[in-house]
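Trainee: I would like to go through this structure with you, one question at a time. Shall we look at it together?

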Amino acid sequence: MVLVMRAVMPGMVMFRRRWSVGSDDLVLPALFLFILHCIWLVVLSVVLFGLPYGSDESCSVTLVDHGRGYLGILVSCLICESAIMWLSMRGSILYTQPREAVQYVLYIRLAILLVELVYAVVGIAWLVRYYQPCSDDTAKNLALGIVVCNWLVIFSVCFTMMCTFDPTGRTFVKLKATRRRQRNLTTYTLREIPNLCWTLALQDRSYTPLTLSLRHRLEEGQASSWSRRLRFFMCCTRAQDSQSDAYSEVASLFAEFFRDLDIVPSDIIAGLVLLRQRQRAKRSAILDQPNNDILAFLSGMPVTRSTRYLDLKNSTEMAMYKEVCYYMLFAMAAYGWPMYLLRKPACGLCRLLSSCTCTSGSGSRLSQSVTVEEDNCCGCNVLAIRRQFLDRDLKQVQIVYTSCHDAVYETPFFVAVDHGKKKVVISIRGTLSPKDALTDLTGDSERLPVEEQHGVWLGHKGMVYSAEYIKKKLEQEMILSQAFGRDLSKGTMHYGLVIVGHSLGAGTAAILSFLLRPQYPTLHCYSYSPPGGLLSEDAMEYSKEFVTSVVLGKDLVPSDQDPHRTTTEQWRIIIGGTKCIPKTELPMEDDPPSQGVTPSNSRLCLHPSDLSIALSASTPLYLPGRIIHVVHNHPPETCCGQEDPTYSALWGDNKAFDEVIISPAMLNEHMPHVVMEGLNK
């Protein structure tokens, strides 16, 4: 613990400002410049000392003197860049002391860059004055090469500085320095008064007016910085009031999450890789323990003797599982033409073009009697939805309404009548646009707008708003009335209601089920790969009556660790995956504080930060309904290669998805077509 607290912050400090780059991230940039300068040094040396030039022309003599001076600049650059590479490769992520000299070498390199800038300007001046009248081609090519090389280096350095600039860097450094001085003062006082009560009293010095003022400035600056990034990312979309509110909420969320976490992007990647290694080692250690109740880990989840597998030999459970597989097609079809072409790039394109209204007249036949809102000019989305069912010979499925309207808190969906199953199906699209991503990230808790509640019913704010939008749309357009009255001769008015969705659509579908259940008490919801932080515990328990969730393997989204669900500081999660400090000194959440902790160390356990207090006071959110977890087991490799994994389905615990299982497949197993393949296997 002491080693962790003494670690220098990973973000590099230059010009009394923190930058969003670590001192160990300079190896590749320095290597790039080193190779470029080596090549140019060789070329320039050959040109100056190996090729003839016109010594009788003033332009040639002037330029040769200029080139010889530039040789000295290149040698200086090579020395600095080799020193930067050597220093950047020392130490580790948190152990930055061996790399402290990097910043001084960078100061020297920037000074050389200013000289390069002067040489670049002089080179441009020479080209303007002598390029046309000078008859020496060697001199002209030499001047042009020097100018191009100079400006290439200058622009690359400026671009790197622009990408790594932290608007709140100066405030961050001031806050760290103030805290360091106060911590040193507290440590000195504790030597004189080694009393625990005095320790608790002295801790309040970290909340002096100066510290609070700097902290407030840092939070405002970070929120403003994240808001500008989001607006730049969404620059091509039309701004709406709800979208502006989402900008502010998501920016505040990111600013709060990264407030006490001083890391750079490369450290996150390294931490994830090392965290995966640690998770695998931890699972192996658990299995090696004697008298262990865990029989195996499938897709990172523990399997014990009490784990319940789906009994597919039982006709009831087999019928239920077939329904789960069947309605996954509806959830996947909601993605429209992008998902259709992803699954069938060649044949799918030909089929869409043959049915498209832009190329033939048959499109109107496929989309007849379908109300379509805001589809593209060729109607590709509704055609792709219909094609998903025609390709599987499901002609009994009729599309009634399709909304392609996409905005923050307003998710696309379609309504279909399935005469084969005698159901009306509402299918809600998952994340496919930046606006959907904003809806995903608006993850605060919001009370479900349901009158009769059994306990505290809270849900994901963005998905609650999306569900309210769809419910309002269904009522205003009387879409469900049209669906149930589609074909009275077939008894559509007595059909049941099914709501399905994947990812964002899965969470919205689960919450929409709460809103529609008073009018349709027999409805059922199939939620595929829903987000982990969706419903409060009371709402989650109630949803088990009418919601079935499906999770595939190590999917990241259902296992997403909501920051409101843990009292552990975020830096513990990142540094928990590093090997730069011994495992015995890593802060573990489950380890109780030892009895022999000194007062200077015990303050970390006895006086939690305001961030941990705020997080622990929030309501935890869980996956909805009963969970079918489709897991896979990879057989060991043999001389003939590795066999295909075997898939199993088991009933999962809603509270067991509290840890992100780091895996190369954690994003791929969230894709809807991969979920469908996993279910069928």
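**Charges, strands and helices**

Trainee: Does Arg109 count as buried or exposed?
Mentor: The relative accessibility of Arg109 is 7%, and the classes are buried under 20% relative accessible area, exposed over 50% and partly exposed in between, with a 1.4 Å probe and protein chains only. Keep in mind that this is a predicted model, where local features need pLDDT of at least 70 and side-chain atom pairs count only at pLDDT 80 or more, while totals for chains, interfaces and linings use all residues. Residues are numbered from 1 along each chain as its sequence is written, and side-chain values use heavy atoms, leaving out hydrogens and water. With its 7%, Arg109 counts as buried.

Trainee: Which residue forms a salt bridge with Arg109, with the closest N and O atoms 3.3 Å apart?
Mentor: Side chains of opposite charge can pair when their charged atoms come close. A salt bridge here is a side-chain nitrogen of Lys or Arg within 4 Å of a carboxyl oxygen of Asp or Glu. At 3.3 Å, the partner of Arg109 is Glu81.

Trainee: How many residues apart in the chain are Glu81 and Arg109?
Mentor: Glu81 forms its salt bridge with Arg109, and the two sit in helix 3 (residues 58-88) and helix 4 (residues 102-130), respectively. Helices (H or I, at least four residues) and strands (E, at least two) are DSSP runs, numbered from the N terminus. Glu81 counts as buried, at 1% relative accessibility. The pair links distant parts of the chain, and the separation in residues is 28.

Trainee: Which residue joins Glu81 and Arg109 in a network of salt bridges?
Mentor: The structure holds 10 salt bridges. Glu81 and Arg109 belong to a network of them, together with Glu116.

Trainee: Which residue forms a salt bridge with Lys421?
Mentor: Lys421 is partly exposed, with a relative accessible area of 33%. Its closest N and O atoms with the partner are 2.8 Å apart. The pair links the loop between strand 7 (413-418) and strand 8 to helix 11 (residues 315-333), 98 residues apart, and the partner in helix 11 is Glu323.

Trainee: In what order do the nine strands of the open sheet lie?
Mentor: Two strands pair if DSSP finds at least two bridges between them. The pairing in this sheet is mixed, and the edge strands, strand 5 (371-373) and strand 15 (646-652), each pair on one side only. The order is 5-6-7-8-11-12-13-14-15.

Trainee: Which residue of strand 12 stands opposite His502?
Mentor: Strand 11 (residues 496-502) and strand 12 (residues 524-528) pair in the parallel sense over five bridges. Opposite His502, in strand 12, stands Tyr528.

Trainee: At about what angle to strand 13 does helix 24 run?
Mentor: Axes are lines fitted to C-alpha atoms, for helices over the stretch in contact, and angles run from 0 to 180 degrees between N-to-C directions. Helix 24 (residues 672-680) lies across strand 11, strand 12, strand 13 (547-552), strand 14 (626-633) and strand 15. Its angle to strand 13 is about 95 degrees.

Trainee: Which side chains of strand 4 point to one face and are buried?
Mentor: In a regular strand the side chains alternate between the two faces of the sheet. Strand 4 (residues 301-304) shows this alternation, with Pro302 and Thr304 pointing to the other face and not buried. The buried ones are Met301 and Val303.

Trainee: Which residue in the turn between strand 3 and strand 4 has a positive phi?
Mentor: Strand 3 (residues 294-298) and strand 4 run antiparallel, joined by four bridges, and Leu298 has Met301 as its bridge partner in strand 4. The two strands form a hairpin with two residues between them. The one with a positive phi, about 55 degrees, is Ser299.

Trainee: Which residues does Arg283 touch, leaving out those up to four places away in sequence?
Mentor: Arg283 lies in helix 10 (residues 265-288) and counts as buried, at 15% relative accessibility. Contact means heavy atoms within 4.5 Å. On that basis, Arg283 touches Phe297, Gly300, Lys554 and Ile661.

Trainee: How many of the 11 residues of helix 15 are buried?
Mentor: Buried residues make up 48% of the 681 residues in the chain. Helix 15 (residues 380-390) is largely enclosed by the rest of the structure, and its buried residues include Cys380, Leu383 and Phe389. The number of buried residues among its 11 is 10.
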